[in-house]
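Here are my notes on the model you sent. They are meant to be read with the structure open.

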Amino acid sequence: MTGSRGADTIAARLRNQGSVLSDGILLVNLGSPDSPSVPDVRRYLGEFLMDRHVLDVPTPIRWLIVNLAILPTRPKRSAHAYAQIWEPADANGFGSPLLQHSVRLRDAVRAQMDVPVALAMRYGNPAIAAGLDELRAAGATRVLIAPLYPQHADSTTTTVLEAAGRHAGDLELQTLPPFYAHPAYIDALAETTRAHLPERFDHLLMSYHGLPERHLTSADPTGNHCLRAADCCERASAAHATCYRHQGRVTSRLLAQALGLTPTQWSISYQSRLGRLPWLTPYTDATLRELPARGVRHLAVVCPAFVADNLETLEEIGITGRATFLDAGGETFTAVPCMNADAAWAAALTRLCTEALRR
């Protein structure tokens, strides 16, 4: 099932026909382990990697890869990384920065809406089923599923919609479409980025979470566009509706325009690759090593695929990426925070959800 067909199927579920529907909103992000302990990280990684949209191989092979090749060693390394970014527990008992920022965002959106708003994570807690139950208990009969991913990918958006569909019961579901080019999102992203850019920087690197190349081709509804030509992202195609690479390029171009950057002042890279399959290039870690040799001494990095800071932004970019760039000869490194619960982003998300509910 391609991402577009899966999303359309779920979004088209019509229930309670002929009755007055009460709306609710479920904000959904990726998720986080319950703690930075090795057992909790192992449990979280197991759930995440066993998703067929994340590791897209037959289930028996996926089980062997995850349980025999990854989980015996990776949880310890990941737990160490999580420990470096973990915060003291908040009032909800959350120490995960992603969860803390997401709760604050939920509260900010909730304060601006006249319908109930809940929060869920695709993996870990709070679960999607619990979020739907919360909205049902609040009287909602129609729920807008709002995946907090600006660009579409089957490993993010589609898996959220499928999970919501499995737990919807008698609820009617709507879907917030990818908002990678929506003016409200671009304006909020530009405002928060501009606020954290240093006075002096040579280059702005826009680092996106990477994807295996075959994730793009499998999500291509035309079957013959994505990655078939060097300029595939620039040539008009129905494939762009589900193309993560194209949508990220659009986001980057619009952000650069909003910031007043020239084409030589910014570039795109892709981080967080796993395994040996071809992933989208250029890779962020390689780019960080190469930029000083190209004359970039003062670098800023923003991560437009993420709306809330998490392991990939705080540790992979803010700690490891910083060290990589400075060790290669860079002089200053600025990791631009995600929008998190910034007022401009909360207002933008409220607008996005309101428009979706009116469709």
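1. Which helices do the buried residues of α3 pack against? They pack against α2 (38-49) and α4 (74-85). Keep in mind throughout that this is a predicted model.

2. Stay with α3, which spans residues 59-70. Its buried residues are Arg-62, Val-66 and Ile-70. They cover an arc of only 45° around the axis, so they sit on the same side of the helix. The face turned away from that buried side carries exposed residues: Pro-60, Leu-68 and Ala-69.

3. Confidence comes next. The average pLDDT of the protein is 94, and 94% of the residues score at least 70. Residues 1-19 are another matter: over this stretch the pLDDT is below 50. In the model, the stretch has 34 contacts beyond near neighbours in sequence. Please read those contacts with that score in mind.

4. Now an open sheet. Four strands form it, in the order β2-β1-β3-β4, and the pairing is parallel. At the edges are β2 (117-124) and β4 (172-175), each of which pairs on one side only. Neighbouring strands of this sheet are turned by 30° against each other on average, direction ignored.

5. Look closer at β1 and β2. Strand β1 covers residues 23-32, and seven bridges join it to β2. The two strands run parallel. To find the register, start from Asn-29: its bridge partner in β2 is Met-121.

6. Which helix lies across β1 and β2? It is α5, residues 97-112. Helix α5 runs at about 155° to β2.

7. One residue of α5 deserves a stop: Leu-105. Is Leu-105 buried or exposed? Its relative accessibility is 3%, so Leu-105 counts as buried. Leaving aside neighbours within four places in sequence, Leu-105 is in contact with Leu-148, Asn-340, Ala-341, Trp-345, Ala-346 and Leu-349. For a sense of scale, take His-203, which is 98 residues from Leu-105 along the chain. The C-alpha atoms of Leu-105 and His-203 are separated by 30 Å.

8. Move on to β5, residues 203-209. This strand is mostly covered: six of its seven residues are buried. Strand β5 pairs with β7 (residues 298-302) in the parallel sense, over four bridges. It is also joined to β6 (residues 266-271) by six bridges, and these two strands run parallel as well.

9. Use Leu-205 as the landmark here. In β7 its bridge partner is Val-301. In β6 the bridge partner of Leu-205 is Ser-267. A general reminder for anyone tracing side chains: in a regular strand they alternate between the two faces of the sheet.

10. Last, α8. This helix covers residues 183-196 and has 14 residues. How far does α8 reach from its first C-alpha to its last? The span is 20 Å, close to the 20 Å expected at 1.5 Å a residue.

11. Much of the interest in α8 lies in its covered positions. Ala-184, Tyr-185, Ile-186, Ala-188, Leu-189, Ala-190, Thr-192 and Thr-193 are buried. What do the buried residues of α8 pack against? Their partners are α10 (244-259), β7 and α13 (343-357). Strand β7 thus appears twice in these notes: it pairs with β5, and the buried residues of α8 pack against it.

Methods
Residues numbered from 1 in each chain as written. Predicted model: local features only at pLDDT ≥ 70, side-chain atom pairs only at ≥ 80, totals over all residues. Heavy atoms only, no water. Buried < 20%, exposed > 50% of the residue type's maximum accessible area, 1.4 Å probe, protein only. Arc of directions from axis to C-beta. Contact = heavy atoms within 4.5 Å. Pairing = 2+ DSSP bridges. Axes fitted to C-alpha atoms, helices over the stretch in contact; angles between N-to-C directions. Expected span 1.5 Å × (residues − 1). pLDDT = per-residue confidence, 0-100.
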